[in-house]
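User: I would like a close look at one part of this model, the salt bridges. Please begin by saying what the term means, and then place that part in its wider setting.

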Amino acid sequence: GISNSSVATKWRSCEEAGGRSTSGEVGSYHCGGYVWEIPFDWSKEEAEGMITDLVSLPFIDREATRAVIFEFFSYNIDYDVFATFTLLMEATAGGAWISSRSFDVFQVWTHFSLGAMILGPLFLLHTGYFVYRLVKDISRDIKRAREQAAQEYKAQHYGGIG
């Protein structure tokens with residue numbers, strides 16, 4: 001379950017929470033609030049226990065709660081990408097709850113990405129140069145073939161007068 005009950009009662013500012021603002025159907029919400037974090041090294045059972053404890057806490061009340069946001073991250077080692085899942089539940093003025101969700105995939109930029117960032121444009125320039133040379137050589141060969149065909153035509157029709 002929740003190992004530190006003081007976390008459940010302490011409000012955190014945006015800077016302390018380290019989050020970002022979220023917008024939904026009813027409104028926009030700054031990143032401050034009551035924050036619970038499940039460490040990456042916790043087992044599935046520990047995380048489920050914390051979520052069960054959160055549901056039983058009286059932090060969601062009809063008077064003060066405007067929104068509840070669950071955000072979690074996942075890493076896919078096969079594609080070297082992270083995914084963020086955001087589930088947002090918003091309280092309307094009439095007391096109804098509206099839920100929405102978002103899903104984003106992103107790569108974390110590391111020093112290994114720098115090489116790909118540099119080599120990509122260099123490869124494009126290299127390939128572009130060879131395409132330019134190919135087009136230039138083909139157009140030169142077409143020009144020579146036309147000139148040769150014109151000379152042969154003149155030789156056949158005008159007896160070599162040119």
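Analyst: A salt bridge is counted here when a side-chain nitrogen of Lys or Arg lies within 4 Å of a carboxyl oxygen of Asp or Glu. The idea behind the term is that side chains of opposite charge can pair when their charged atoms come close. The model is a predicted one, and by this criterion the structure holds three salt bridges.

One of them joins the side chains of Glu-48 and Lys-44, with a distance of 3.9 Å from N to O. That value falls within the 4 Å limit, and therefore the pair is counted. Glu-48 and Lys-44 both belong to helix H3, where they are four residues apart, or about one turn of the helix. How exposed are the two partners, at 42% and 59% relative accessibility? Residues between 20% and 50% count as partly exposed, so Glu-48, with a relative accessible area of 42%, is placed in that class. Lys-44 has 59% relative accessibility and is over the 50% limit, so it counts as exposed. Helix H3 covers residues 44–56.

The next salt bridge is found in helix H4, which comprises residues 111–158. Here the side chains of Asp-137 and Arg-140 meet, with 3.2 Å between N and O. Asp-137 and Arg-140 are three residues apart in this helix, again about one turn. Asp-137 has a relative accessible area of 25% and is partly exposed. Arg-140 is also partly exposed, with a relative accessible area of 37%.

Arg-140 has a further partner in Asp-141, with which it forms a salt bridge whose closest N and O atoms are 3.4 Å apart. Asp-141 counts as partly exposed, at 41% relative accessibility. Asp-137, Arg-140 and Asp-141 are thus described together as a network of salt bridges. Arg-140 is the residue that connects it, being paired with Asp-137 and with Asp-141.

Helix H4 also contains Arg-144. Arg-144 has a relative accessible area of 52%, which is over 50%, so this residue is classed as exposed. Its C-alpha atom is separated by 85 Å from that of Asp-61, and the two residues are 83 positions apart along the chain.

Helix H3, the setting of the pair Glu-48 and Lys-44, also has a place in the description of the largest pocket. The volume of this pocket is about 1,600 Å³. Helix H1 (5–9), strand S4 (33–34), helix H3 and strand S5 each supply at least two residues of its lining, and S5 gives the most, with seven residues. In total 40 residues line the pocket, and Tyr-34, Val-35, Trp-36, Ile-69 and Phe-70 lie nearest its centre. Sorted by class, the lining has 25 nonpolar, nine polar and six charged residues.

Strand S5 leads from the pocket to a sheet. This sheet is open and has three strands in the order S5-S6-S7, paired antiparallel. S5 (67–76) and S7 (97–106) stand at the edges with a single partner strand each, so one side of each has no neighbour in the sheet. Neighbouring strands are turned by 10 degrees against each other on average, direction ignored. S5 is joined by 10 bridges to S6, residues 81–91, and in this pairing Ser-74 stands opposite Ala-83. S6 is likewise joined to S7 by 10 bridges, with Thr-86 having Ser-102 of S7 as its bridge partner.

The connections between these strands deserve a final remark. Asp-80 lies in the loop between S5 and S6. Most residues other than glycine have a negative phi. Asp-80, however, has a positive phi near 55 degrees, and it is partly exposed, with a relative accessible area of 42%. In the hairpin of S6 and S7, where five residues lie between the strands, Gly-95 takes a positive phi near 100 degrees.

Conventions:
Residues numbered from 1 in each chain as written. Predicted model: local features only at pLDDT ≥ 70, side-chain atom pairs only at ≥ 80, totals over all residues. Heavy atoms only, no water. Pairing = 2+ DSSP bridges. Axes fitted to C-alpha atoms, helices over the stretch in contact; angles between N-to-C directions. 1 Å grid on protein atoms, 1.4 Å probe; cavity = no way out; pocket = protein on both sides within 12 Å on 5 of 7 lines; lining within 4 Å. Points joined across faces, edges and corners; volume = space filled by probe spheres on them. Nonpolar A, V, L, I, M, F, W, Y, C, P; charged D, E, K, R; others polar. Buried < 20%, exposed > 50% of the residue type's maximum accessible area, 1.4 Å probe, protein only.
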